[in-house]
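Reader: I should be grateful for a close look at a single part of this structure. Please explain each term as it arises.

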Amino acid sequence: MKRIALGVQYVGTAWNGYQKQPSRDTVQDQLEIALEKFACAPIATTCAGRTDAGVHAIEQVVHFDTGLSRATTSWIRGVNAFLPESIVVRWAAEVAPDAEGNEFHARFSARSRTYHYVLYNHPNPSALLAGRAGWVFRPLDVERMRQGARHLIGTHDFSSFRASGCQAKTPVKDMQEVSIERHGDIIVFTLRASAFLHHMVRNIVGALVYVGTGRNEPDWIEHVLNSRDRDAAAPTFMPDGLYLAKIGYDPKWGLPQEDALPLPWL
């Protein structure tokens with residue numbers, strides 16, 4: 001049996017999240033249907049991290065085991081032939097065990113996850129960005145949001161930014177980066193951490209928007225974080241602008257990963 005890793009990109013607007021559902025209207029459902037058609041046999045996949053309905057992925061990573069011998073280009077082009085246009089396999093790689101005999105695992109081998117949140121900041125909405133970016137009509141002060149974001153760096157209990165239905169074993173995560181960049185009317189939030197809680201990125205963005213509009217001071221973020229109380233934070237922000245950008249792995253696995261750009265035109 002060979003272990004194959006895939007880099008999968010998708011627009012989540014039309015799908016009911018990543019994880020399989022009885023309705024079969026999720027990204028994983030569509031990917032496994034395409035794999036079965038290509039391989040002429042059922043193939044079960046494991047992903048690096050599940051995404052919610054309406055959330056996109058620049059590079060989701062999945063793995064599966066198969067006894068088939070196919071060129072990596074065949075796994076890309078063959079599977080893509082059976083996928084809808086909103087889901088694309090960008091790369092494929094056969095991943096051998098490391099020197100100690102450890103198997104690559106899309107989820108458990110990951111060292112970090114990077115998300116982008118793309119926000120359109122303009123008095124009026126954009127039809128072209130509908131479903132692809134969040135929207136705030138009030139002016140946002142990027143420097144104030146950066147000041148607030150500094151309180152999130154490091155290892156913290158992120159219970160204040162955790163969805164009530166989150167099933168993670170611990171709310172303690174290592175936040176390695178929170179950067180905020182403006183490109184005209186587009187603001188891109190980049191968050192990189194060891195792992196994320198359910199709705200954590202959207203809840204953080206919602207809180208930073210409160211700071212950016214002047215509703216709360218930058219130090220309020222520290223208060224919310226230390227309170228460990230979800231009710232102390234802002235409402236969960238819309239999923240439209242959230243992108244799973246990149247999964248960080250040890251270079252020993254040799255994955256042909258791509259740069260985690262938020263959108264091709266930025």
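Author: **Asn-203 and its helix**

Leaving aside neighbours within four places in sequence, Asn-203 is in contact with Phe-161, Arg-162, Ala-163, His-198, Arg-230, Pro-235 and Thr-236, where contact means heavy atoms within 4.5 Å. The model is predicted, so local features need pLDDT of at least 70 and side-chain atom pairs count only at pLDDT 80 or more, while totals for chains, interfaces and linings use all residues. Residues are numbered from 1 along each chain as its sequence is written, and side-chain values use heavy atoms, with hydrogens and water left out.

Asn-203 belongs to helix H4, residues 200-212; helices (H or I, at least four residues) and strands (E, at least two) are DSSP runs, numbered from the N terminus. With a relative accessible area of 0%, Asn-203 is buried, a term for values under 20%, whereas exposed means over 50% and partly exposed lies in between (1.4 Å probe, protein chains only). Among the residues named above, Phe-161 offers its backbone oxygen, which the side chain of Asn-203 reaches at 3.1 Å.

Helix H4 also holds Leu-208, which counts as buried at 1% relative accessibility. Apart from neighbours within four places in sequence, Leu-208 is in contact with Met-145, Gly-148, Ala-149, Ile-180, Phe-189 and Ile-221. Between Leu-208 and Trp-220 there are 9.5 Å in space, C-alpha to C-alpha, and the two are 12 residues apart in sequence.

Key: Polar contact = N/O pair within 3.5 Å; in protein donor to acceptor, adjacent residues only side chain to side chain.
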